[in-house]
Amino acid sequence: MDTIHIRGGRRLSGSIPISGAKNAALPLMTAALLTAEPVKFTNVPALTDVRSLAKLLGVLGSSVERNGDSVTISTPEITSTTAPYEIVSQFRASFWVLGPLVARCREAKVSLPGGCAIGARPVDLYIKGLQKMGAEIDLVEGYVLAKAPDGLKGTVIRSPIVSVGVTHTLMMAATLADGETILENAAREPEVSDLAHCLVSMGAKIEGIGTSTLRIEGVEKLKGTTHRVIADRIEAGTYAIAAAMTGGEVTLEGVEAETFDAALSVLRAAGAGVDVQQGQVRIFRNGERLQATNVVTQVFPGFPTDLQAQFMALMTTADGESEITETIFENRFMHVQELARFGADISLHGDKALVRGVEKLKAAPVMASDLRASAALIVAALAAEGETTINRVYHLDRGFERMEEKLGACGAEIWRAKAS
Ligand code: EPZ
């Protein structure tokens, strides 16, 4: 397995181009299953999860062609409605083919999902939502079997909690349903809006985009389109945190500040400089130690759970004690024990982590446990004294495009040792 090595202590300085968002690209690619015509996406990041989803779409009958940062998906016919365990167990977004398959083929057999080990991550709300739309659902040998012989029907679905994946899935399913579907308490994450905008350009009728009530009037069929994937706010937030951690100055290019405003506000509160321009954000810290700052993860527009680990890494060297509360996933603190290897002082109390800032971190061999936890280890290693080795970096390759190259261009001493 590859390892990443970082000799810490270099200030980051320069520009980082932000890639297309993984968490937008994945649901968008599943949406291509809704039409027989080709759908072209641009600004698609080259990541393991994107390649794995392309493989799954191939199994279902799509042809998927990559050309630079574009991916074109054509599915004149769906040749199989089974999404196999071998692929779906690798990453959660693959489960989202469920909605488009039932909508277009009136049946689907999709393995229960896998993905990052950050909590129980049930699928009850997907099932209840599709049942409410008229699908019959059985769970057989680890697969969700969904059938809607007469097609899906529009209805009102109020989700008891805000879920990104459930909103993606039910919104896609509703585009081809009979009548109007109203999704209440829908997720408002920018990736949900990106999917909605793409569906509209495919001919879907959706109102309330960006709000917590989505109204979708089903249509007979959808058509092909070309759609640019939005920039990755989590990648941007990670590099903003890395810049603050190393006391450097970094300009994030190609990302809109409003997509990660909550993170920028917290960085400001901690004492980092944030300068927002259209399509770019500059982060800087000159000399001063950061102040400990509390954070509570929340659904959008709150502070994103996908930046919680990286922010915790930042707080390990801040002045004072910070309390970090995770409200989205019940087990998303796997990075705590790895951050302790750098000398961080963190204690866990249920859904809260109490971080007591130390003067300096020291390099250590560490192991990535999930995607965003790996990013937290990178943040810590960039500031730690000595050379850190990060193991299990395949987690990182699922979500960060050309990370060593981007950080290296800003002066980080970072390199990858390829597995022999
Ligand atoms: C998406 O996951 C993202 N994944 C996650 O990013 C992100 O952390 C999460 O949204 C929250 O923003 C992708 O976009 C591929 P949820 P998702 O359903 O949709 C509970 C990353 O690192 N729930 O919004 O799976 C669930 O357990 C990943 O890129 C149910 O109880 O998250 C959680 O507590 C990690 N029943 C809460 O909802 C259900 O049926 C919110 O999760 C579904 C969800």
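In this predicted model, an oxygen atom of the ligand lies 2.8 Å from a polar backbone atom of Gly 165. Two side chains also approach the ligand through N or O atoms: in Asp 306 such an atom is 2.6 Å from a ligand oxygen, and in Arg 332 the corresponding distance to a ligand oxygen is 3.3 Å. Of the 830 Å² of accessible area that the ligand has on its own, 91% is covered by the protein, and the space that the ligand takes is the largest pocket.

The elements that contribute two or more residues to the shell around the ligand are helix H1 (22-31), helix H5 (124-132), helix H6 (164-175) and helix H12 (371-383). In total, 25 residues surround the ligand, the closest being Ser 163, Val 164, Asp 306, Ile 328 and Arg 372. When the shell is divided by class, 14 of its residues are nonpolar, four are polar and seven are charged. Both domain 1 (3-18 + 231-417) and domain 2 (22-228) take part in this shell, each supplying at least three residues.

Two features of the backbone may be noted separately. Most residues other than glycine have a negative phi, and most peptide bonds are trans. Phe 300 and Pro 301, however, are joined by a cis peptide bond with an omega of about 10 degrees, and Pro 301 is placed in the loop between strand S18 (295-296) and helix H10 (308-315). Asn 43, although not a glycine, has a positive phi of about 60 degrees; the loop that holds Asn 43 runs between strand S3 (39-42) and helix H2 (48-60).

How values were computed. Residues numbered from 1 in each chain as written. Predicted model: local features only at pLDDT ≥ 70, side-chain atom pairs only at ≥ 80, totals over all residues. Heavy atoms only, no water. Near = heavy atom within 4 Å. Polar contact = N/O pair within 3.5 Å; in protein donor to acceptor, adjacent residues only side chain to side chain. Areas by Shrake-Rupley, 256 points an atom, 1.4 Å probe, with all protein chains shown as cover. 1 Å grid on protein atoms, 1.4 Å probe; cavity = no way out; pocket = protein on both sides within 12 Å on 5 of 7 lines; lining within 4 Å. Sits in = over half its atoms within 2 Å of the grid points. Helix = DSSP H or I, 4+ residues; strand = E, 2+ residues; numbered from the N terminus. Nonpolar A, V, L, I, M, F, W, Y, C, P; charged D, E, K, R; others polar. Domains from an automatic or database assignment.
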